[in-house]
Amino acid sequence: MRPARDPGRSARTPGSDSRPSGRPFAGAPSRPLAAALATGTVLLDGGLSNQLEAQGCDLSDALWSARLLADGPEQIERAHSAYVRAGAQVLITASYQASFEGFGRRGLGRAEAAALFARSVELARRAAGSVERDVWVAASVGPYGAVTADGAEYRGRYGLSVRELERFHRPRIEALAAAGPDALALETVPDTVEAEALLRVAEESGLPVWLSYTVARGETRAGQPLEEAFGLASGYERVVAVGVNCCDPADADVAVRTAAEVTGKPVVVYPNSGERWDAGRRAWAGGATFDPGRGRAWRESGARLVGGCCRVGPETVAELAALLGAPAGNHVEGGTEDPEAD
């Protein structure tokens, strides 16, 4: 079923300020993300796209949720805020499918596109400011296959070299890093070739990084052994966590243990609901199998960043928060309204 049309779709100038009157603007958290991971479990948010659809947004465009950076930024902030209220301690920006090439096809120049990358960080930071506790902002760097919008992120092996993929990702990472996120999320990576390219470019940013693959049946989506895939991150000091996302929850169980054993680093895990994405029909199929109770087992196996990806919403993140003991925090005066309110 096609989502309802976004009620806030009117065009906006990328550099304009969309902050609602009276909203607080948060600064950086009190400590680095790596320090938090060293002391316990940190709760990630859930799927941004499903929350945007729940708010009535149309995500049928090739830019997916990144379109709303230009056409409906208030919807993105509202979605982030729903996860903050659910207990999320890390917000992942709406830049997963963003690219200079994609924005260019919409008629935006490089300066305007760079402003939209920056806006993705700013919107998450504003939502983070609605509670009196640390909430980190991780800038999403999706794979090349996400930008092609044809399901290639679930296959990998694009026929591009490491150097070619570096050239593609470098402008995106530079634009996001310039906006000052707390970390970079190199996420939904389907193969080791792209992981190597992303790690090389991300190292230049000076920011903390996590690397998460999308996996199936004990391998990357491209069919590489998980030991090989996770091992790539071992030599990078700025990598604060390694793991998986955008996969079946059952596939995450073995992957978490393997990532911890191979790298000795904290593990990040945020699988899908268990439903399957049909790229041809551009729709989800099957039933949900995500069980928040799995979060404890993941933590026992070495997971320190735990959350959900596609089709995992605020209610499920709130269940994870209760099970993992994530702090709720207090809302500050002038915080974002309840996303369920009219």
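Reader: Which residue caps the N-terminal end of α9?
Author: This is a predicted model: local features need pLDDT of at least 70, side-chain atom pairs count only at pLDDT 80 or more, and totals for chains, interfaces and linings use all residues. Residues are numbered from 1 along each chain as its sequence is written, and side-chain values use heavy atoms, with hydrogens and water left out. A polar contact is a pair of N or O atoms within 3.5 Å; within protein, one must be able to donate a hydrogen and the other to accept it, and residues adjacent in sequence count only if both atoms are side-chain atoms. At α9, a side-chain oxygen lies 3.3 Å from the backbone nitrogen of V193, and the capping residue is D191.

Reader: How far apart are the end C-alpha atoms of α9?
Author: Helices (H or I, at least four residues) and strands (E, at least two) are DSSP runs, numbered from the N terminus. The expected span is 1.5 Å times one less than the number of residues. Helix α9 covers residues 192–205, so its 14 residues should span 20 Å. The end C-alpha atoms agree with that, at 20 Å.

Reader: Which residue just after α9 takes a positive phi?
Author: Within α9, the buried residues include T192, E194, A195 and L198 (buried: under 20% relative accessible area; exposed: over 50%; partly exposed: in between; 1.4 Å probe, protein chains only). Just after the helix, phi is about 80 degrees at G206.

Reader: How many of the residues of α4 are buried?
Author: Helix α4 spans residues 73–86, and its end C-alpha atoms lie 20 Å apart. Its buried residues include the charged-type names E77 and R78, along with H80 and Y83. The helix is largely enclosed by the rest of the structure, because the buried count among its 14 residues is twelve.

Reader: In what order do the eight strands of the open sheet run?
Author: Strands of a sheet pair through backbone hydrogen bonds, either parallel or antiparallel. Two strands pair if DSSP finds at least two bridges between them. Here the pairing is parallel, and the order is β1-β12-β9-β8-β5-β4-β3-β2.

Reader: Which strands are the edge strands?
Author: An edge strand here pairs on one side only. One of the two pairs in the parallel sense with β12 (residues 303–306) over two bridges, and that strand is β1. There V42 stands opposite L305. The edges are β1 (42–43) and β2 (90–92).

Reader: Is β8 largely enclosed or largely open?
Author: Strand β8 covers residues 239–245. Five bridges join β5 (residues 209–213) to β8, and four join β8 to β9 (residues 267–270). Along these parallel pairings, S212 stands opposite G243, and V244 stands opposite V269. Seven of the seven residues of β8 are buried, so the strand is largely enclosed.

Reader: What handedness has the β-α-β unit that starts with β8?
Author: The unit runs from β8 through helix α11 (residues 249–263) to β9. A crossover is right-handed if, with the strands pointing away from the viewer, the path from the first strand over the helix to the second runs clockwise. This unit is right-handed.

Reader: Is C246 buried or exposed?
Author: C246 is found in the loop between β8 and α11. Its phi is near 50 degrees, a positive value in a residue other than glycine. Most residues other than glycine have a negative phi. With a relative accessible area of 2%, C246 is buried.

Reader: Is R217 buried or exposed?
Author: R217 lies in the loop between β6 (215–216) and β7 (219–220). Its phi is also positive, near 55 degrees. At 72% relative accessibility, R217 counts as exposed.

Reader: How many aromatic pairs does the structure hold, and how is the pair of F100 and F117 classed?
Author: Rings of Phe, Tyr and Trp (its six-membered ring) pair if their centres lie within 6.5 Å; planes under 30 degrees apart count as stacked, over 60 as edge-to-face and the rest as tilted. The structure holds seven such pairs. F100 and F117 have ring centres 5.1 Å apart and planes at 35 degrees, so this pair is tilted.

Reader: How many residues apart in sequence are the parts that F100 and F117 tie together?
Author: Both F100 and F117 are buried, and ring pairs link them with F103 into a cluster. F100 lies in α5 (residues 100–105) and F117 in α6 (residues 110–128), so the separation in sequence is 17 residues.

Reader: How is the pair of W210 and Y270 classed?
Author: W210 lies in β5 and Y270 in β9, so the pair ties together parts that are 60 residues apart in sequence. W210 is buried at 0% relative accessibility, and Y270 at 1%. The ring centres are 6.1 Å apart and the planes stand at 85 degrees, so the pair is edge-to-face.
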